[in-house]
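This report looks at one helix and its surroundings, then at a small sheet, and finally at pairs of charged side chains. Please keep the structure open beside the text while reading.

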Amino acid sequence: MVKNIEELNQIMDLAAEAQNDYSLFDQEEVDVIFKAACLAANKARIPLAKHAVAETMMGNVEDKIIKNHYAAEYTYHNYKDVKTCGVVLEDQSGGIRKIAEPMGVIAAIVPTTNPTSTAIMKALFALKTRNAMVFSPHPRAVGCTKAAVEVIDKAAVKSGAPAGLLHTISEPSLALSQALMVHPKTSLVLATGGQGLVKAAYSSGHPALGVGQGNTPAIIDATCDIPMAVNSILLSKSFDNGLICASESAVLVVDNVYPRVKSEFAANGAYFLSPEEINRVGQLLYIDNRPNPAIVGQTAVAIANMAGISVPPTTKTLIGEVSLIGQEEPFSKEKLCPVLGMYRVMDFAQACEWAQRLLTSQQSGQTALLFTKDSNAEHISYFGSKLKAVRLLINQPATFGAMGDIYNFRLHPSLSLGGGSWGGNSISDNVNVTHLLNYKTVAERKYNMLWFKVPQKIYFRPGCLPVALGDLVDSKRAFVVTDESLVALGHCRKVTAILEKMGIDHHVFSEVKPDPTLSVIRAGLVKLKAFQPDLVIALGGGSPMDAAKIMWALYEFPDLDIDDFANPFMDLRKRIYACPENVVKLSKLVCITTTSGTGSEVTPFSVIIDDATGKKFPLIDYNLTPYMAIVDPEFVLDLPPSQITFGGIDALSHAIEAYSSVMANEFSNGLALEAVRLVFDYLPESYHKGDNYQVAREKIHYASTLAGMAFANEFLGVCHSLSHKIGAKFHVPHGLANAFLLTAVMDYNRTNLPRRMTAFPQYKVPDITDRFARLANYLYLEGRTKEEKADNLIRAIERLKEEVGVPSSIKAWGRISEEEFMASLDEICEDSFDDQCTSVNPRFPSFDEIKQILLNAWEGTLSVGKVI
């Protein structure tokens, strides 16, 4: 017996202690208790229904028996196999486990409209979830609510549950209900009832699940089965005298079927009120703008008698034909009794508009109902998009449809129906056992899936060009993207001659300049679209290949937005903007590299300049990966020494940055290592054009492609972030810019104790010093410790740069004034920080650190042997 605050404190202590013991029960033990309680509630359904009607004077025994039966049987059937104890979900490959834990002591507010069925369902939910529950019944329904709880409690204890899990306040009052909701041992408030109680629950200071009023509008359109619609509404509205909050409150009928609908209602037990009778009943529905408790749950005949109206004894529902919506029209409000408002609307659109007004007028978002032809997808879709209600029922009685698992088996069975934010509720669902659980997620450290993506076909070795192109024999029209120098050197003719022998029509676009711009790309795209090729061939170094990739992408994906495509991302798989889907490719992209360094023939990268801003930015998407790469060393035998230097150091920077990347992985690391070795072993010979220069240039050509495949899958770092910006700002050749920056960036990165790590690395601890040491080992560099080997690697690169003619610093190069360089530092720092390549650098830089790297590269100073 709970009559006052002191006794409430006592039962809260008992409930908390019992719940603590119950929380240790396993799933098998809980399910035994749950089943026994469901059986006991079901057996008591008739006496509990009689008790409820006798005490509340609402509803009728027969329908309350059904509700009690539903609360016990449907709860058991739907939740008997639901895991509510311990591990409820496990994904070993994903490293995720979800563990269900009880919430504790739940304060349950029970309405007078459904006192036994709601108590049964809530108590069963508590037992299934290992919670304790203290019930605060309505003062007019204390006895029957307490009886329902006791039936379940006795069965639970008999089956092994701790005593004291379920309690009822025996003399409820507003003060005790409030004390229960704010009690320090209350873990959750589960409130079913009027708006005042629900608001109090949400103001309790505890987590709350509050579910409130309905005011369900029902639309009858011109295509529906009218007899089915009318009988469904009458069945629903008369069930337990309209006490279910989801029952229909108003019917909206389109004009051209209104007479038929009205006749059908009248023929099936509905009584249409005259204007005077509407006024009389309306005065009964609400008193001082509050529902009149005297008519709640009463029969249509009884309500008519109260209003002094004589109706047939078989009358199921009273209907008032009205046109207003709002506070001044009681027939537009929620009515927990067999009384309906009925509206005549011009068309379906107006029906939906008025239905929403009915919901809004009562701050309800619980349920709305449409009767239409099953195949009327247009009306069903429109209804679903326009109505702000969380249950949008189609062709079913609202009472039973909203309760769930009767006319739609995917709706959870419940007598507590959330209305979402539209109804002032925290949930948009039928309250069920999952809402009474805490879920712990055990997330193991797992590395996301990686990939190794390169062209489908890669041809290499001297003289491989005709063999590779011969593999494209099915092509009909080829669009060749190159530059004027390659046309003049005759390299372009080598390609077109083979195409002519194969009978492939071709068009040459040779307007690409170093560091291709968007304007050049757009000019080429116009010609490409006009030619309609099925083969796009990029011939050249980085610039023609970069230009061709974007032309090809815009040809294949006409809706591609370059500005959004250039937006940086943290994870390529999760980028906000990606290439539009294109199921059928119009053409294949083939890249023939005529320089050694860029690696673009095998990468998903393209670097372009925006004419409007003058800024260089990388575009990355695996759709840009060529179909075929042709790596024929014969194209590079006659390159001048400067191009050999720039390309060789570019390839070296690709390999080292890929190997240093936070995305570095087992599949690409070997490529990066071999590329570094080939550059060290063969770049000097290739540069000086010694006796063995042809082999040396072949090896550097392969080193470039190997490094390209590595960084295509591991990406690059801050060296390239800076070189993109310096190259665009001061027109520094890309390879030379990397040469100036590479060792300065390595010097910055070279620490296993960075102030900040880049997000989401693929390694457990910072290990860049170890990686540099492994590179040094691969090159047979000396050193007693990892730190010494890392230092010696940086020194070896400096010696290599000197040997192949790289100036010692940007300043020593002499092409940029110190004043101009220093004035641009802040802009370069900010742009470099936001460059796509920065995101995978092993050490995440600040603006000041980027500036220091630039200053070191300007002066050519390194701090080998100490950390910057």
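Two parts are said to be in contact when heavy atoms lie within 4.5 Å of each other. The model discussed here is a predicted one.

## Helix H8 and its two faces

Helix H8 spans residues 195-202, and within this helix Val198, Ala200 and Ala201 are buried, a word that stands for under 20% relative accessible area. These residues lie on the same side of H8, because they cover an arc of only 160 degrees around the axis. The buried residues of H8 pack against helix H7 (174-182), strand S6 (186-192) and strand S7 (208-211). On the face turned away from this buried side, H8 carries Gly196 and Lys199, which are exposed.

## A sheet of three strands

Strands of a sheet pair through backbone hydrogen bonds, either parallel or antiparallel. In this model, an open sheet of 3 strands follows the order S1-S2-S17, and its pairing is antiparallel. Strand S1 (86-91) and strand S17 (437-443) are the edge strands, since each pairs on one side only. On average, and with direction ignored, neighbouring strands of this sheet are turned by 20 degrees against each other.

How many bridges join S1 to strand S2? There are 5 bridges between S1 and S2 (residues 96-102), and the two strands run antiparallel. Across this pairing, Glu90 stands opposite Arg97 in S2.

## Salt bridges between distant parts of the chain

Side chains of opposite charge can pair when their charged atoms come close. With a limit of 4 Å between a side-chain nitrogen of Lys or Arg and a carboxyl oxygen of Asp or Glu, the count comes to 28 salt bridges. One of them joins Arg344 to Asp255, with the closest N and O atoms 2.8 Å apart. This pair links distant parts of the chain, 89 residues apart: Arg344 belongs to strand S14 (residues 339-345), whereas Asp255 sits in the loop between strand S9 (248-254) and helix H10 (258-267). Arg344 is partly exposed, with a relative accessible area of 43%, and Asp255 is also partly exposed, at 35%.

Another salt bridge connects Glu827 with Lys729, where the closest N and O atoms are 3.4 Å apart. Here, too, distant parts of the chain are linked, as Glu827 lies in helix H31 (residues 825-833) and Lys729 in helix H25 (residues 718-730), 98 residues apart. Glu827 counts as partly exposed at 37% relative accessibility, and Lys729 is partly exposed with a relative accessible area of 34%. Elsewhere, salt bridges that share partners join Lys64, Lys67 and Asp240 into one network.

Methods:
Residues are numbered from 1 along each chain as its sequence is written. This is a predicted model: local features need pLDDT of at least 70, side-chain atom pairs count only at pLDDT 80 or more; totals for chains, interfaces and linings use all residues. Side-chain values use heavy atoms; hydrogens and water are left out. Buried means under 20% relative accessible area, exposed over 50%, partly exposed in between (1.4 Å probe, protein chains only). Helices (H or I, at least four residues) and strands (E, at least two) are DSSP runs, numbered from the N terminus. The arc is that of the directions from the helix axis to the C-beta atoms. Two strands pair if DSSP finds at least two bridges between them. Axes are lines fitted to C-alpha atoms, for helices over the stretch in contact, and angles run from 0 to 180 degrees between N-to-C directions.
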